[in-house]
Amino acid sequence: MSEWIVILLRSIVLFFLILIALRFIGKRSITRISPFNFVTYVFIAGITALIAVNIIENWALGIIALGVWVVLTIGLEYIAMKSKWVHDWVNGKETILIKQGKIMEENLAQVRLTGEELLRELRNKNVFNLADVEFAVLETTGELDVFLKSDKKPLTAHDLGHKVAPQAEPQTVILDGNIVTESLANIGLTSQWLTSQLESTGVSLDNVFLGQVDSSGDLYLDLYNDVFPMPQPKVKELLYANLEKIQADLMTYSLSTDDTTVKEMYIKNTEKIRNVMTMMEPYLLR
Amino acid sequence: MTVGSKVKQTVASLKGIQATFRIYESQSQNKETKSAFAEAIETTQTVIKDLEERIRVLEFEEPQYKGK
């Protein structure tokens, strides 16, 4: 057999072998692996290349070395999943670098980080002021994770005491002018609903590049033709404005009548509409 | 425009709002959202009932404007 056929066959076989092996090893991103895992990957890659280009002539020996590394990696990860002790031993433990706002110099020296490098890592996390940091930990992957002091954290609706409506993830229902029936079914809608929505906006399906439905059922469309202005769904804001108008109307009626029982009825209903408005505000305006 | 026809207009737009609430109630998947919209529908229903009663009285008082 001539040499090029050997290399061709080996390459094809190894291509799929490595594909399968890496599927088993897992889904972790290459930038977030521990140094040891990195060495494993490099070794597997190296051996594969050496077998493929026929530098390791006896392919059985190459496969044995490859198999040992792949199986050991998978096996060790499996054991590490079951036992915390093995996990710490294999992956190392995270190191606390800043605790209660104070830098732990011994830990810093232990992970071979200088003060400058620590500051650079902090800046990477958008923290320029050391005084803002309450706690920082160096993960086993070499990434620094920062916990800010409570008054320096981004503001949330919870901090403001605002109630916000629960929102599920939006579903992409149109892609490249095609209806995605699976995601439509996920939110309990049909393609008939979608076509009627498109008709009411006056857009044909093949003009739509992307269409998304949010959890309250509003459809957002992006068209191929960007010159054509696309109205944004404003039904909820309108609804809230209408409620406001009705409340004002009822107030006017209560002022223009002389009958006290009718006046009371109007005032009571004004109050009811006001309650509906405060209750619906998170759903309609936020 | 008389008071009667004004109130009728208010009832009509209130019914429109109620219908939209109903659409959102059936469209939302979240239980909490669903119950919030259901409550809003109920409250608007009581307001509509009160106003419709008032319309009947007004029509009795100003029969010449009935139906407008």
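User: How many bridges join strand β5 of chain A to β7(A)?

Analyst: In this predicted model, strand β5 covers residues 171–175 of chain A and runs antiparallel to β7(A). One of the pairings can be named, since the bridge partner of A:Leu175 in β7(A) is A:Leu210. The number of bridges that join β5 to β7(A) is four.

User: Which strands are the edge strands of the open sheet that has the order β6-β5-β7-β8 in chain A?

Analyst: The sheet is open and holds four strands with antiparallel pairing, in the order β6-β5-β7-β8. An edge strand here pairs on one side only, and this applies to the strand of residues 178–179 as well as to the one at the other end of the order. The edge strands are therefore β6 and β8 of chain A.

User: Which residue in the turn between β7(A) and β8(A) has a positive phi?

Analyst: Strand β7, residues 208–213 of chain A, pairs with β8(A) in the antiparallel sense over five bridges, and A:Val213 stands opposite A:Leu219 in β8(A). The two strands form a hairpin with five residues between them. Within that turn, the residue with a positive phi, of about 95°, is A:Gly217.

User: Which side chains of strand β8 of chain A point to one face and are buried?

Analyst: Along residues 219–223 the side chains alternate between two faces. A:Tyr220 and A:Asp222 point to one of these faces and are not buried. The side chains that point to the other face and are buried are those of A:Leu219, A:Leu221 and A:Leu223.

User: Why is one side of β2 and of β4 in chain A left without a neighbour in the sheet?

Analyst: Four strands of chain A form an open sheet in the order β2-β1-β3-β4, with antiparallel pairing. Inside that order, β1 (residues 95–99) and β3 (residues 133–138) pair over four bridges, and A:Ile96 stands opposite A:Val137 in β3(A). Strands β2 (102–103) and β4 (144–148) stand at the edges, so the reason for the unpaired side is that each has a single partner strand.

User: Which elements give two or more residues to the largest nonpolar core?

Analyst: The largest nonpolar core has 31 residues, and those with the most contacts inside it include A:Leu250, A:Ile273, B:Val7 and B:Leu51. A:Leu250 touches residues of both chains, among them A:Tyr266, A:Ile273, B:Val47 and B:Leu51. The elements that give two or more residues to this core are α10 (235–256) and α11 (260–285) of chain A together with α1 (3–27) and α2 (31–61) of chain B.

User: Which residues of the lining of the largest pocket are the closest to its centre?

Analyst: About 440 Å³ of space lies in this pocket, and 28 residues line it. The elements that give two or more residues to the lining are β7, β8, α10 and α11 of chain A together with α2 of chain B, and the lining divides into 14 nonpolar, eight polar and six charged residues. The closest to the centre are A:Gln167, A:Asp214, A:Ser216, A:Asp218 and A:Lys236.

User: How many residues of the lining of the second largest cavity are charged?

Analyst: The count comes to two cavities of 30 Å³ or more, and about 40 Å³ of space lies in the second largest. Its lining consists of A:Ile187, A:Leu189, A:Val213, A:Asp214, A:Ser215, A:Gly217 and B:Gln27. Three of these residues are nonpolar and three are polar, while the number that are charged is one.

Definitions and conventions. Residues numbered from 1 in each chain as written. Chains lettered and ligands numbered in written order. Predicted model: local features only at pLDDT ≥ 70, side-chain atom pairs only at ≥ 80, totals over all residues. Heavy atoms only, no water. Buried < 20%, exposed > 50% of the residue type's maximum accessible area, 1.4 Å probe, protein only. Core = buried A, V, L, I, M, F, W, Y, C linked by side-chain atoms within 4.5 Å. Contact = heavy atoms within 4.5 Å. 1 Å grid on protein atoms, 1.4 Å probe; cavity = no way out; pocket = protein on both sides within 12 Å on 5 of 7 lines; lining within 4 Å. Points joined across faces, edges and corners; volume = space filled by probe spheres on them. Nonpolar A, V, L, I, M, F, W, Y, C, P; charged D, E, K, R; others polar. Lists of a residue's contacts leave out its neighbours within four places in sequence.
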